Amino acid sequence: MEKKSAWEKYDDKAVQDVFDFSENYKKFISDCKTERECVTETIRLAKEKGYKDLKDVIANHETLTAGDKVYASHMGKTIALFQIGRQSLEYGMNILGAHIDSPRIDIKQNPLYEDHDLVLMDTHYYGGIKKYQWVALPLAMHGVVAKKDGSVVQVVVGEEDCDPVIGISDLLVHLSGDQMSKTAGKVIEGEDLNVTVGSMPKKDEEKEKSKAYILNLLKEKYDIAEEDFLCAELEIVPAGKARDYGLDRSMVMGYGHDDRVCSYTSLMALLDTEVSERTSVCLLTDKEEVGSIGATGASSRFFENSVAEIMNCMNDYTELKVRRALSNSKMLSSDVSAAYDPNYPSVNELKNTAFFGYGLSFSKFTGVRGKSGSNDANPEFMAEVFAAMEKENISYQTAELGRVDQGGGGTIAYISAQYGMEVLDAGVPVQNMHAPWEVVSKADVYEAYAGYKAFLKNI
Ligand code: MN
Ligand code: MN
């Protein structure tokens, strides 16, 4: 089947639109490097478009009707936004789902220690990473420290030009005789991902003088003590902003495209969509990279509970109607797919591979070893979605994650499908997936945004 690159269909004005959209996306992923930061920014953008907090709607005994816009967030790490349609929710919603957590390195609960005047923080990585990619890089620390007085301290270090950065050291090549003979999985071990944060002894201290210096700094800047790390959620992420990639600036290199590229485009599609018959939804979940578990992961009842609350606010709640609303829904479960990489062509089967610039990528199934763990989408639904794409002249492609038995991966699709709704995997192709700096095509980012709008409008 002959497919054309999206770049070839654009006139000058369209190319400018694609580049302009990417400027806003670059800002989003540069500012939002944790799930909490993504939720905070999502709420800010949604409020600008007239969205109300579901908690306030409930507290004020307001009634929701067609055209109302409302969001529900949970623990600051997952969020669902609803634009109420003209039909009862009972007949189903059009849902755009994606995840806002990204692979990273988390600080342990007892992190700080000193070794020959150097101060380090012990870590436990989050999600699937090639550990050797995370050494000898400028890193930043983002997160929160919850104190026993009930206050929560926000921490961001390493992003401003005047900020210091931190990092994980790597062994000099001159002394790597033993290391270089190890397999890639063993070159850097998980327990050795220790972040260097200081080296300056504090005068007049008895012992652990350099650690005392760092603790003193933390006390002054954030009013936190060593024991406060016990109740902290601190994430080590690549420091710095997303950048244009390629001499032609056609791509974006940034941290956390997986899966903020699908999250941002889904969110923007919803915010730019007119009220329609069916209720339009954007669901941004946490914990996908570690199995969608926990109260803020896609497996939690958060979304189902939010739908029940909204139907109650519409004076349209029964248990049966909630079940019908969920099973009558249609969803694009969006997550990044593997973009063809000329340096590693052998892992793909080229008829079923996603390419940069060819637009939004759909996967009938994901999973590993014979589709295990996947949601195998119905072809009837795929035909409906592809017709919606073609109606709006969206560039789209279909792909699998690599050759059969080369590896694989999962998404949140199978979780929503448990309600009986139609779910199809979609997403933006990425190079360097799960590396500190991932790459996407600006054309694919734009086609995803436009494709999600086409889904909300035409399904
Ligand atoms: Mn993902
Ligand atoms: Mn991932």
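The following paragraphs describe the two manganese sites of this predicted model and the strands around them.

The manganese ion (ligand 1) is coordinated by His99 through NE2, by Asp258 through an OD atom and by Asp335 through two OD contacts, at 2.1 to 2.5 Å. Along the chain these donors follow the spacing H-x158-D-x76-D. His99 belongs to strand S4, whereas Asp335 is placed in the loop between strand S15 (330-334) and strand S16 (337-338), so that the pair ties together parts that are 236 residues apart in sequence. Both of these ligating residues are withdrawn from the surface: His99 is buried, with a relative accessible area of 2%, and Asp335 likewise counts as buried, at 9% relative accessibility.

The manganese ion (ligand 2) has as its protein donors Asp258 (OD), Glu289, which contributes two OE contacts, and His434 (NE2), lying 2.1 to 2.5 Å from the ion. The spacing of these donors along the chain is D-x30-E-x144-H. Glu289 is found in the loop between strand S14 (279-285) and helix H7 (302-313), and His434 in the loop between strand S22 (429-430) and strand S23 (438-441); the pair therefore ties together parts that are 145 residues apart in sequence. With a relative accessible area of 13%, Glu289 is buried, and His434, at 16% relative accessibility, also falls under the 20% limit for a buried residue. The two sites are linked through Asp258, which bridges the manganese ion (ligand 1) and the manganese ion (ligand 2), the ions lying 3.2 Å apart.

Strand S14, which precedes the loop that holds Glu289, pairs with the strand that carries His99, namely S4. S4 (residues 93-99) and S14 run parallel and are joined over seven bridges, one of the pairings being that of Ile95 with Val281 of S14. Strand S3 (residues 78-83), by contrast, runs antiparallel to S14 and is joined to it by five bridges, with Leu284 of S14 serving as the bridge partner of Ile79.

In a regular strand the side chains alternate between the two faces of the sheet. For S14, both faces are covered, since Thr279, Val281, Leu283 and Thr285 on one side and Ser280, Cys282 and Leu284 on the other are all buried. Seven of the seven residues of S14 are thus buried, so the strand is largely enclosed by the rest of the structure.

Conventions: Residues numbered from 1 in each chain as written. Chains lettered and ligands numbered in written order. Predicted model: local features only at pLDDT ≥ 70, side-chain atom pairs only at ≥ 80, totals over all residues. Heavy atoms only, no water. Donors = N, O, S within 2.8 Å, 3.2 Å for Na, K, Ca; no water. Helix = DSSP H or I, 4+ residues; strand = E, 2+ residues; numbered from the N terminus. Buried < 20%, exposed > 50% of the residue type's maximum accessible area, 1.4 Å probe, protein only. Pairing = 2+ DSSP bridges.
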